[in-house]
Amino acid sequence: MKLQELTKPWMAFNYGFLDESAKREIRRRILKAIAVPGYQVPYASREVPIARGWGTGGLQVTLTLLKPTSVVKVIDQGSDDSVNASSIRKFVTRVGGAVETEDTMAATIIQSRHRIPEEKLREDQVLVLQVPNPEPLRPVQPDMSVAREMHGDADYGQLWLVLYEQLVKSGRIMQGSSYPSMVNGRHVMTPSPIPRWDVPKLNQAGHLTILSAGREKRIFAVPPYTRVEPLIFDDVPYRVEDHQDKTCYRSNVTGFFMNELPQEDGSSQYELSDSHFGVKHIRKSEAESVEIGETWYKNGRMD
Amino acid sequence: MAYVATRGGEYAIEQAERLFRADLGPITRERVDAVRTGLPYLIDRLMGEASLYEPDLAALALAQAGGDLYEAILLLRAYRTTQPRIAVADPIDQPDLLTVRRISAAFKDIPGGQILGPTLDYSHRLLQVDVLQGNDYVPEPVIPAAKPAPATQPSLTSWQKAQGLIPNHPGETVAPEEIPDLTREPLLFPAARAHKLQSLARADTGGTLALGYASMRGYSAVHPTVNELRLAYAPVRLRHPSGTIFSAGRVRVSQTEVISKVKELQLGFSATFGWNEVKVIAAATLDLASNQPNPHPAANEEFVLYHTEPIESSGFCIHFKLPHYVTFQSTPDALRRVKTDKDTAAVKPAVTEKLAPQQEEVAL
């Protein structure tokens, strides 16, 4: 046997950009994260060719899951065509030979920043959420080492206290996004800065969600059919954003999460935040044959 | 810098400086031009921290310092201080800025639009190693937009104020000659807002980033969102003694407003000479964080402004290379004294105990 037979021909970059040992480590961390839902597994986050904080954690997971038959969708704030999303999507397909899509239903891997699609995900789909700050305890304990001990002790009293203080001071819970949520009755996680609207979509969902923070070097996961419960008091219900009655000015669809668009005259317009969901509705209204998937919310309400 | 401990003093010192300059080689007009045109963002950073807007002088300072940024800032600030303050330019409102990049992260779109301008934000960071093989990297030409973006843009904050989202604090009107100037007056605490913003404008980019990052990462109560970030050319309008207003040119400026929900929506602001987005985002975050009651020490106004001053901090840091043997001498002296005192107190009984059995053995 010759040495040459044991090696592959030289390439400028490895398949999926990351080297095989990096991918193996990330796969192992993902498995651990799935085994202990909501627990933050440290990993040796690699440098990738986008800036830290721009989705390097999500990108590493996506690159690790990638195979040539993958169909990849990348979302930024609900939108496929925003600059960062299209840049990441282009990079993934460039180094992985995968297929790009904007259609939630067609994707096998969905990497997202700050949104979960409005159409329900299936068991064969993986949602990769980019996480800027994986530590739900950070507002009460910026010291990581101490926070890890608190997770070990399931010591979440101070988080409840913060929510209670918001109630007392403002009359309602003011937490906008990253709503702290108990996973499988054990670990409180931050569900990445998704709006309150999206948190209930994680509860008992059919799909696997992997949350990855590149800068902070932590991976955690919500396995399929796992309880995800936002921290709420028995007598104060969890409230999502008041977007139920807003209508998208482009697609005329009502009852989903909207972007507010400030207008010159001082007023505001609203458009669907999930951009491709909006595109589908517009196409449908123009009598194209479009398949729109089942949605988590119906008429602006989640049962 | 006199290294007094070295015998043979002046000759060696002169040769040491020559050694430094010999490494750099001759500083030519061509080199200065190459630095100015090839490293515009470094020049911008330098002009901001030096609070002197002159790209040629900044390039010269960088070339002369061999790229040592703190040394270059010192060169420029030392030069700047020799220049008279002859006039105060008219204030610039946001809608007056000739804006080439203007983005908001708070809204998907804003009146006036998102203008990406020049940026590497969405590029893939792959080294063009081919260049080292002799294959020049020639950038793709820019294709102009069908409809050019307007040169000036409205203020997003004005829109938010009109909406009642942000409280409208009435602005102060200060006569130009009354504007406090940090380069001529000491920084006192609590700092005047003008001093605070001037101090942040010329703060060290790295130091501002370190403390700003600490604030963003959780060591403060603020969670910044970029409300509006601009890279622009600011017209410098001066008033002639006869009363006419004329333009003295334009300066590159960066400016950021960050917004955070504390009890209500609050703004942090920063602006600096040159295009340096990291600096102004970090500084605006620190401005906002330090305005909160009982900020974390890392966002405390006094802590931030003192410790991000590039000339004072770098100068103090390198001053430790100066001989300190006179003051240090008293330390070994005291330590020796303590040791002697201890030895005399502790050793005596030990010696007598040890000696006693030995004497017995001898006696046997």
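**Exercise 1. Determine what share of chain B is buried in this predicted model, and how far the chain departs from a compact globule.**

Solution. Of the 364 residues of chain B, 32% count as buried, in a model that is predicted. The next step is to take stock of the secondary structure, which in chain B comprises 12 helices and 4 strands. The radius of gyration of chain B is 29 Å, whereas the globule rule gives 21 Å for 364 residues; the value is well over the rule, so chain B is more spread out than a compact globule. The box filled by the C-alpha atoms, taken along the principal axes, is roughly 115 × 55 × 55 Å. To complete the picture, consider the contacts in chain B between residues at least 6 apart in sequence, of which 65% join residues at least 24 apart.

**Exercise 2. Describe the surface of chain B and the placement of its charges.**

Solution. Begin with the area: chain B exposes about 22,400 Å², and carbon and sulfur atoms supply 61% of this surface. Then turn to the charges, of which chain B has 36 positive and 41 negative, with mean positions that lie 2 Å apart.

**Exercise 3. Characterise the interface between chain B and chain A, and say which three residues of chain B supply the most area.**

Solution. First count the participants, which are 19 residues from chain B and 32 residues from chain A. The area buried between the two chains is about 2,200 Å², with carbon and sulfur atoms giving 57% of it. On the side of chain B, the residues B:Lys108, B:His124 and B:Arg217 supply 29% of the area that this chain buries against chain A, which is more than any other three residues.

**Exercise 4. Place A:Trp54 and A:Ser251 in chain A, and decide for each whether it is buried or partly exposed.**

Solution. A:Trp54 is found in the loop between β1 (41-42) and α3 (56-65) of chain A. Its relative accessibility is 24%, and A:Trp54 therefore counts as partly exposed, since buried means under 20%. Leaving aside neighbours within four places in sequence, A:Trp54 is in contact with A:Asn84, A:Ile88 and A:Gln130, as well as with B:Asp121 and B:Tyr122. A:Ala213, which is 159 residues away from A:Trp54 in sequence, has its C-alpha atom 10.0 Å from that of A:Trp54.

A:Ser251, by contrast, occupies the loop between β10 (228-230) and β11 (258-262) of chain A. With a relative accessibility of 12%, A:Ser251 counts as buried. Beyond its neighbours within four places in sequence, A:Ser251 is in contact with A:Leu272, A:Gly278, A:His281 and A:Ile282.

Key:
Residues are numbered from 1 along each chain as its sequence is written. Chains are lettered from A and ligands numbered from 1 in the order in which they are written. This is a predicted model: local features need pLDDT of at least 70, side-chain atom pairs count only at pLDDT 80 or more; totals for chains, interfaces and linings use all residues. Side-chain values use heavy atoms; hydrogens and water are left out. Helices (H or I, at least four residues) and strands (E, at least two) are DSSP runs, numbered from the N terminus. The radius of gyration is taken over C-alpha atoms; the globule rule is 2.2 Å times the number of residues to the power 0.38. Buried means under 20% relative accessible area, exposed over 50%, partly exposed in between (1.4 Å probe, protein chains only). Contact means heavy atoms within 4.5 Å. Accessible areas come from the Shrake-Rupley method with a 1.4 Å probe; for residues, only the protein chains shown count as cover. Lys and Arg count as positive and Asp and Glu as negative; His and the chain ends are not counted. The place of a charge is taken as NZ of Lys, CZ of Arg, CG of Asp or CD of Glu. Buried area is the accessible area (1.4 Å probe) that two parts lose on being put together, summed over both.
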